[in-house]
Amino acid sequence: MKHIIFPAFIAFALFACSKNSNDTITPEIPGTGTAVVPDVYKKIYGATSITSDGTYITIKSKGLPDHTSPYYATTNNLYENFSGATFAGATFAKNPNSISEKTYSFKIPLNPKEAASHQATPLGPMGVSLNGVPFFNQYAGPNQPLTNEIVSFDKYWGHPAPGGVYHYHVEPLFLTTIKASKSALMGFLLDGFPVYGPEEFGVAVDESKLDIYHGHTNPTTEYPNGIYHYHVTNKDPYINGNGYYGTPGTITQ
């Protein structure tokens, strides 16, 4: 089913530049049907566009990792052969798929709230990372653990599904070790709540303190007044637990 994406066109040069402006949302601009995008979303550097209609943020991306991978075509500048240990010390075994360009449009709530009824995450994209690559949940298939898929995770712990959909089920290692840090913002799930790395202000997250959705409410760099957020960890469920904390928006691809 196709979902309607409300158009919102505004140049990034007009966006507010205050570092901690993410706790308040800029009102809709009268007569335009568009709103300023808060600075926090501009950290999604892999997006091809980021717009707002005052209710939802729409993030578009091609889903192409900006790091090397053996899943790129050998003619691609980002192709790199890989062997040896991958996630959890597993010996890498390449799957038969290859990375291909997509046309994702993630529409997420601008002001996320806890849902009255929590929905399960889907098989497929459940959110978007800073480099525009989708997050997937903790399953290889319906109620199937990742046990047999982990061996196919590349150097940066991602891999492509059939159809060329490159994605992360676990910690996006390129973001936590190269582009940012293990305490940094990693992206957003479709319910609009942010995803952070396996540390909080440099200290490893205590997984026993996370709820059944794999998150908690605490201050973060981007949200100093506190916000509910998910944490990536290296044990199942990795990114998200028993469904979305909030009400998910939509994705088209």
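**Stop 1: His-214.** Select His-214 to start: at 5% relative accessibility this residue counts as buried. His-214 sits in the loop between E15 and E16. Check its backbone too, because its phi is near 75°, and a positive value is worth a look in a residue other than glycine. Keep in mind as you go that this is a predicted model.

**Stop 2: Phe-201.** Now jump to another positive phi: Phe-201 has a value near 55°, and Phe-201 is not a glycine either. You will find Phe-201 in the loop between strand E14 (199-200) and strand E15 (203-204). Is Phe-201 buried or exposed? With a relative accessible area of 56%, Phe-201 is exposed.

**Stop 3: the six-stranded sheet.** Switch to a cartoon view and look for an open sheet of six strands with mixed pairing, in the order E7-E6-E12-E13-E17-E16. Its edges are strand E7 (134-135) and strand E16 (215-218), each of which pairs on one side only.

Begin at the E7 edge. Strand E6 (residues 127-129) runs antiparallel to E7, and two bridges hold the pair. Select Gly-127 and you should see Phe-135 of E7 opposite.

Then cross to the other edge, where E16 and E17 are antiparallel partners over four bridges. For one of these positions, pick Thr-217, whose bridge partner in E17 is Tyr-228.

On to E13 (residues 194-196), which pairs with E17 in the parallel sense over two bridges. Here Tyr-196 stands opposite His-231 of E17.

**Stop 4: inside E17.** Colour E17 by accessibility. Why is E17 described as largely enclosed by the rest of the structure? Five of the five residues in E17 are buried, so that description follows. In a regular strand, side chains alternate between the two faces of the sheet. For E17, Ile-227, His-229 and His-231 are on one side, Tyr-228 and Tyr-230 are on the other, and both faces are covered.

Follow the chain onward from E17 into the loop between strand E17 (227-231) and strand E18 (250-252), which holds Pro-237. A cis peptide bond joins Asp-236 and Pro-237, with omega about 20°.

**Stop 5: Tyr-166.** Next, select Tyr-166 in strand E11 (residues 166-167). At 1% relative accessibility, Tyr-166 counts as buried. Show the Asp-154 side chain as well: a polar contact of 2.7 Å links it to the side chain of Tyr-166. Beyond its neighbours within four places in sequence, Tyr-166 has contacts that include Gly-63, His-67, Ile-99, Val-133 and His-159. For a distance to try in the viewer, the C-alpha atoms of Tyr-166 and Lys-102 are separated by 9.4 Å, with their positions 64 residues apart along the chain.

**Stop 6: His-159.** That contact list leads to His-159, which belongs to strand E10 (residues 159-160). His-159 is buried, with a relative accessible area of 3%. What does its side chain make a polar contact with? The partner is the side chain of Ser-152, at 2.7 Å. Among the other contacts of His-159 beyond four places in sequence are Tyr-71, Asn-95, Glu-149, His-167 and His-169.

**Last stop: confidence.** Finally, colour the chain by pLDDT. The average is 89, and 87% of the residues score at least 70. Residues 1-33 stay under 50, although the model has 59 contacts beyond four places in sequence for them. Where pLDDT is low, the predicted coordinates should not be read in detail.

Key. Residues are numbered from 1 along each chain as its sequence is written. This is a predicted model: local features need pLDDT of at least 70, side-chain atom pairs count only at pLDDT 80 or more; totals for chains, interfaces and linings use all residues. Side-chain values use heavy atoms; hydrogens and water are left out. Buried means under 20% relative accessible area, exposed over 50%, partly exposed in between (1.4 Å probe, protein chains only). Contact means heavy atoms within 4.5 Å. A polar contact is a pair of N or O atoms within 3.5 Å; within protein, one must be able to donate a hydrogen and the other to accept it, and residues adjacent in sequence count only if both atoms are side-chain atoms. Two strands pair if DSSP finds at least two bridges between them. pLDDT is the predictor's confidence in each residue, from 0 to 100.
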